[in-house]
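Here's a quick tour of one protein model, from its domains down to a single residue. Have a look at the structure first, then read on.

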Amino acid sequence: MPVITLNGMPLEAREGQTILEVARAAGVYIPSLCYHPRVGQSGVCRVCAVEVEGARGLIMACITQIWNGMVVRTDTEQVLGARRMIVDSLLSDGEHDCISCEMCGACELQDAAYRLGIEKPSAPRAAGGAPLDLSHPLILRNPNRCIHCYRCIKGCNELVVNEVLDMAYRSQESRVVADQEMPLGRSSCVGCGECVQLCPTGALLEKKALGQGRPWNLERVRSTCPYCGVGCQLYLHVDRARNQVVKVTGVEGAPPNDGMLCVKGRFAYDFPASPRRLTEPLIRKDGAHVPASWEEALDHIASRLRKIRDAHGPDAISGISSSRDNNENSYAAQKFLRAVIGSNNIDNCART
Ligand code: SF4
Ligand code: SF4
Ligand code: SF4
């Protein structure tokens, strides 16, 4: 097993690991604005610069694999100076008004600037940059906060394979585009929100969550998506004061979805607070739905099923279990139809 020395600390590593991976596992902070564990490295932001003994110049920690005996420093003046220059130029190239930015407190660029002691960009860009893209019903794009890290592009193309986003043009003109430079809302985007979750800055934001609470005021509650039997793992971001879910993100590093969600799982979270949500059984009486107790409702169902079976036989009854339900409930549903009613007419809506 190779051993490296990181800031004077001997560390065991695995063959093939990068400096960044070893440092992160040891709890040593190295900023990485383009690297993300789910999309890998792009090597474009260069902010993960470190010193490696014997190397000429600084080395990028996200793309450099360790070797036995490697000596790495992440905290020298040369390293910190290079990182400051990079973060300062990213801030200066965009419009970064953290006070009004929805990502304030969760932004990786802001965090890197804070840790490097940068209070404001040394050459702030004049306001009035590129227009916002408000065309999408769920996602707001602010190109002025984009740092061209490629995370959204890799996420859209390689993880969810929707192949909507790409980088177009060169140099100062380069920008993320959807399809053939369409407004996102008119592109082939399916609204999965993967790009929003991967974006390290406030360049991609969820519209519904705007102004709904700062990250430090929200409680993150782990849950399972209720929309289908896949059981994607997600975090509900809850404003406890209002007892309201204000955002949903996927749980990264956990099966079955490793952070990815579909449009329903990520954005259709309003129903718990909906006044139209059913909270008790309803029985139709004289053409109107009337609230009933569970005992009443179950007795009603049982007596109706019995009447139908007695009058027309068990095959007159069929059942469809919901794809939103789990395997155990689907098993119980077919058992009920077969063993109690005596009918084999049972299916699941996921098959249609
Ligand atoms: S993207 Fe980050 S650095 Fe830029 S304004 Fe928003 S919080 Fe600040
Ligand atoms: S929401 Fe999904 S499909 Fe749309 S651009 Fe983002 S990653 Fe691609
Ligand atoms: S929109 Fe966000 S994720 Fe995409 S390149 Fe810009 S900063 Fe990176």
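## A salt bridge by the ligand

A salt bridge here means a side-chain nitrogen of Lys or Arg within 4 Å of a carboxyl oxygen of Asp or Glu. Keep in mind that this is a predicted model. Asp 97 and Arg 145 make such a pair, with their closest N and O atoms 3.2 Å apart.

Both of these residues also turn up around ligand 1, together with His 96, Cys 98, Cys 101, Cys 104, Cys 107, Leu 109, Thr 201 and Gly 202. Sort that shell by type and you get five nonpolar, three polar and two charged residues. Domain 1 (1-126) and domain 2 (130-207) each put at least three residues into the shell.

## Where domains 1 and 2 meet

The domain assignment also lists domain 3 (219-273) and domain 4 (282-351), but let's stay with the first pair. The C-alpha centres of domain 1 and domain 2 are 24 Å apart. Their contact involves 24 residues of domain 1 and 18 residues of domain 2.

Between them they bury about 1700 Å², with 54% of that coming from carbon and sulfur atoms. On the domain 1 side, Arg 38, Val 39 and Met 103 supply 33% of the buried area, more than any other three residues. Three salt bridges are counted between the two domains.

## Thr 18, tucked into a loop

Thr 18 sits in the loop that links β2 (9-12) to α1 (19-25). Its relative accessible area is 5%, so Thr 18 is buried.

Which residues further off in sequence is Thr 18 in contact with? Beyond its neighbours within four places, Thr 18 is in contact with Gln 41, Ala 61, Cys 62, Thr 64, Gln 65 and Ile 66. Take Cys 62: it's 44 residues away along the chain, yet the two C-alpha atoms are separated by 6.1 Å.

Notes: Residues numbered from 1 in each chain as written. Chains lettered and ligands numbered in written order. Predicted model: local features only at pLDDT ≥ 70, side-chain atom pairs only at ≥ 80, totals over all residues. Heavy atoms only, no water. Helix = DSSP H or I, 4+ residues; strand = E, 2+ residues; numbered from the N terminus. Buried < 20%, exposed > 50% of the residue type's maximum accessible area, 1.4 Å probe, protein only. Contact = heavy atoms within 4.5 Å. Near = heavy atom within 4 Å. Nonpolar A, V, L, I, M, F, W, Y, C, P; charged D, E, K, R; others polar. Domains from an automatic or database assignment. Buried area = accessible area lost by both parts, 1.4 Å probe.
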